[in-house]
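Student: Got a minute to go through this one with me? I'd like to start with a single side chain and work outwards.
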Amino acid sequence: MFSKILVANRGEIACRVFTTARRMGIGTVAIHSDVDAEALHVKSADEAVGIGGKTAAESYLDIDKVIDACRQSGADAVHPGYGFLSENAEFSERLAKEGITFIGPSASAILCMGDKITSKKLSAEAGVNTVPGFMGIIEDAEQCVKISADIGYPVMIKASAGGGGKGMRIAWNDDEAREGFNRSRSEAKSSFGDDRIFVEKFITQPRHIEIQVMADSHGNCIYLGERECSIQRRNQKVVEEAPSPFLDEATRKAMGDQAVALARAVDYVSAGTVEFIVDSQKQFYFLEMNTRLQVEHPVTELITGVDLVEQMIRVAAGQKLEITQGDVKLTGWAIESRLYAEDPKRNFLPSIGRLSRYRPPQTLTTADHVVRNDTGVEEGGEISMYYDPMIAKLCTWSTTREAAIDDMSRALDQFDLSGVGNNLQFLSSIMKHPRFRAGDLSTAFIDEEYPEGFHDSDPEGDTLALFAVAAAVIAHRSQRAPDAGQGSAVLRGKQASESSDIVAIIGQTHNHLTVTPDAGMLNLQDESGKRMLAETSWTPGQSVATIRIDGREYDFKLSPRVAAIGIEHGGFLVKAQVLSPRKAELAGLMPVKAPADLSKFLLCPMPGLVTTLMVAEGDTVEPGQALAIVEAMKMENVLQAEKAGVVARIPVAAGDSLMVDDIIMEFET
């Protein structure tokens, strides 16, 4: 067995590998860029080596620096995690020359399967179902347009190397094919150092289902069930689960058998994932093989009880798999939600900043429930513009899919995070969505269910009643005079059992309640006469309130607002005020301040780097015309004109780093 493992990665996956290595009694080494000098993964390792630089290209993608770190630390094995150098055959070969074991597949398998063009050819030869497409190298945008038209729109334009949604575009016509080729090639070059592009037919309404395989160097290869990864945004997975709510046992076995056949065809060793798209008739087609550990591997671990990282380490050390196909049992259901530093209300644009508060839900392991949070950050840590914006992977397991979703919904409500924009509220909304709960999924789910993006909406019915009760309880516990400070109405000056009439204003709705203290609890009665009993141990200053309402516990995240309080629960975020009836009546007469007119400006929607300015001062632009490209979190974002106009001023230049709402262009009015 190895004495010391260096993880050629950062963030949560580095921390994840360290956890297993430590349990196995193996020493651990972290590497870090200048930006990551104080990062959690650095603190989590037995030792750390700084490799300098800020960007991925200057640090984690620099093979010479990583190998030098191995020499300095004396590491005899390297785990690459995912992304960065995890599917780089040159890296694997360079390590072998140094006498250092690469904890992953052989360089030849990486070349065959890590390259999407080659892998599709090999998969067809191995008898694996494949998607129609052009598997040659596309030289330029015009060739891409011709090939796309020959295949038939819609098509998927994809980078041959890499993954993680980078270098991928869907095109529905010639113009989108031309633009998609240029953007995909540029992203692929910056993310993977490889700008080869291919095109395949895009199957509408598909489900994204993948098979986890594990193979050793002694000829043993098994599959460990499937993961459903259909909840995606911009080809980036957001929510994953295992098993799939769609597959039957026969389809699962057929997909698993094909995945194993493909792995055997290239003498695959280590953990790998064979990805398929599956149509409504359960016809499945090979998409690609990821020759590495997947981001979503925890859900497979939770339903099989197999530590995939441990198996990768043991296999790399030359040991035989101790697990046979017959040993693989899928038990219960697991859900993973990816927590990103991004703003769902601004078209999911990435966010950077310092985590002023980071309080994940308490981890839990019982016979019927598991809550697991894989993370690489801590309170006070910084989310930079240089790397992927994922903060954590929150996972739950339970005996049924419904229970696992309920556990995830509550865990998201308990997750207390501030300092950067994040998608916690959006993830909560998905957990509550009837279509998701029914298992009616496709990769178009987010586009179809959130066509205008994700925005705040007012709760209704029973959910609205929950918020009204929560607001009343928080106001009562705050011990403030009526209508003071946060807009709370508390029973100061009244007898302990005396009732008070209040109005809980939630959004645009006035909820009239009669509140009566009762032996440490609150009796609440609404206008219809319905009674509710609430109790809590929450005290002012705590940002999450757990309130038991009619015997069931609910979690509400709280944030201060002007003369009110923000309450978040179940995908809803509302501004709540608790006032006396007279004050509520007067509040309705207050004028609403009109927002500032910013229509004459093109503002930077996210922190990022201006890579290209596509117009100049004095140019006339038309609606939809591309104006500038801003790169953030390794993704290129094309900013377009919303209306016709003339460019009056451009105060920035290509190469400038901008913050949110910095002015890129000003137009004549």
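Student: Is Y450 buried or exposed?
Tutor: Keep in mind that this is a predicted model. Y450 has 11% relative accessibility, so it counts as buried.

Student: And which ring does Y450 pair with?
Tutor: That would be F426: the ring centres are 5.1 Å apart and the planes sit at 70°, so the pair is edge-to-face. F426 is buried too, at 1% relative accessibility.

Student: Where do F426 and Y450 lie in the chain?
Tutor: F426 is in helix 13 (residues 424–432), while Y450 is in the loop between helix 15 (445–449) and helix 16 (461–478), so the pair ties together parts that are 24 residues apart in sequence.

Student: OK, how many aromatic pairs does the count come to?
Tutor: The count is 13. Among them are Y386 and Y387, whose ring centres are 6.3 Å apart with planes at 55°, so that pair is tilted.

Student: Which residues are in the cluster with Y386 and Y387?
Tutor: Y60 and F84; ring pairs link them with Y386 and Y387. Y387 is buried at 2% relative accessible area, whereas Y386 counts as partly exposed at 27%.

Student: Switching topic: what's the radius of gyration?
Tutor: The chain has 27 Å, and a compact globule of 669 residues would be near 26 Å, so the two agree. The C-alpha atoms fill a box of roughly 80 × 65 × 55 Å along the principal axes.

Student: And how many helices and strands?
Tutor: There are 17 helices and 40 strands. Of the 669 residues, 55% count as buried.

Conventions:
Residues numbered from 1 in each chain as written. Heavy atoms only, no water. Helix = DSSP H or I, 4+ residues; strand = E, 2+ residues; numbered from the N terminus. Rg over C-alpha atoms; globule rule 2.2 N^0.38 Å. Buried < 20%, exposed > 50% of the residue type's maximum accessible area, 1.4 Å probe, protein only. Phe/Tyr/Trp six-rings, centres within 6.5 Å; stacked < 30°, edge-to-face > 60°.
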